Amino acid sequence: MKTVYLILATALLAGCTVNKTPVPVKSSEVVGVVRLGFGLSPLQTAKVDTYVAQSAASHQCQQWGYIAAYPYGEPIKTCSLTSGSLCLSQKVTLEYQCRGMGMERYLKDESVVQ
């Protein structure tokens, strides 16, 4: 009987909504795309603070000389660990497109002619 309660408690806890903070996973300065990602266990749903995620992406874009980052497309979910047909771990990737050219980019490429 204790094992039934243990399994039930585990299932209830695993089905909770968890706060996730995405971290940079793969980005491309040439294309102007920032990708942020996080892992997700089975039966979990993630709650992402969109303000924090967009701020992190905008910070990366600004380091490259762009002005800001904007969400691009839908989250990409890929299964990173399977057992038979069951997905045991998912990776979720959020994409942001860098837009606008800041003055820093022009000044960095400008050479002084005397």
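1. Leu-86 is exposed in this predicted model, its relative accessible area being 51%, a value that falls in the exposed class because that class takes in residues over 50%. In the chain, Leu-86 has its place in strand β7, which covers residues 86-101. Together with Leu-81 and Leu-88, Leu-86 forms a nonpolar patch on the surface, and the accessible area of these residues together is about 260 Å².

2. Strand β7 also holds Glu-95, whose side chain forms a salt bridge with Arg-35, with 2.9 Å between the closest N and O atoms. Arg-35 belongs to strand β3 (residues 33-40), and so the pair ties together parts of the chain that are 60 residues apart in sequence. As for the surroundings of the two partners, Glu-95 is buried at a relative accessible area of 15%, whereas Arg-35 counts as partly exposed at 25%. The count of salt bridges in the model comes to one.

3. The count of disulfides comes to two, and one of them joins Cys-61 to Cys-98 with an S to S distance of 1.9 Å. This disulfide links distant parts of the chain, since Cys-61 sits in helix α2 (residues 50-63) and Cys-98 in strand β7, 37 residues apart. The torsion about the S-S bond of Cys-61 and Cys-98 is about -75°, and the disulfide is therefore left-handed. Both ends are buried: Cys-61 has a relative accessible area of 0%, and Cys-98 has one of 5%.

4. A disulfide also joins Cys-79 to Cys-87, where the sulfur atoms are 2.3 Å apart, a distance that still counts because the cut-off for a disulfide is within 2.5 Å. The link of Cys-79 and Cys-87 is right-handed, with 120° about the S-S bond. As to exposure, Cys-79 counts as partly exposed at 38% relative accessibility, and Cys-87 likewise counts as partly exposed at 24%.

5. How are the bonded cysteines paired when they are numbered in sequence order? The pairing along the chain is 1-4, 2-3, with Cys-61 joined to Cys-98 and Cys-79 joined to Cys-87.

6. Strand β7 is a useful place for a new reader to return to. Leu-86 of the surface patch lies in this strand, as does Glu-95, the partner of Arg-35 in strand β3, and Cys-98, whose partner Cys-61 lies in helix α2. Of these residues in strand β7, Leu-86 is exposed, while Glu-95 is buried and Cys-98 is buried as well.

Methods: Residues are numbered from 1 along each chain as its sequence is written. This is a predicted model: local features need pLDDT of at least 70, side-chain atom pairs count only at pLDDT 80 or more; totals for chains, interfaces and linings use all residues. Side-chain values use heavy atoms; hydrogens and water are left out. Patches are made of residues with over 30% relative accessible area and no salt bridge: like charges are joined within 9 Å, nonpolar side chains (Val, Leu, Ile, Met, Phe, Trp, Tyr) within 5 Å. Accessible areas come from the Shrake-Rupley method with a 1.4 Å probe; for residues, only the protein chains shown count as cover. A salt bridge is a side-chain nitrogen of Lys or Arg within 4 Å of a carboxyl oxygen of Asp or Glu. Helices (H or I, at least four residues) and strands (E, at least two) are DSSP runs, numbered from the N terminus. Buried means under 20% relative accessible area, exposed over 50%, partly exposed in between (1.4 Å probe, protein chains only).
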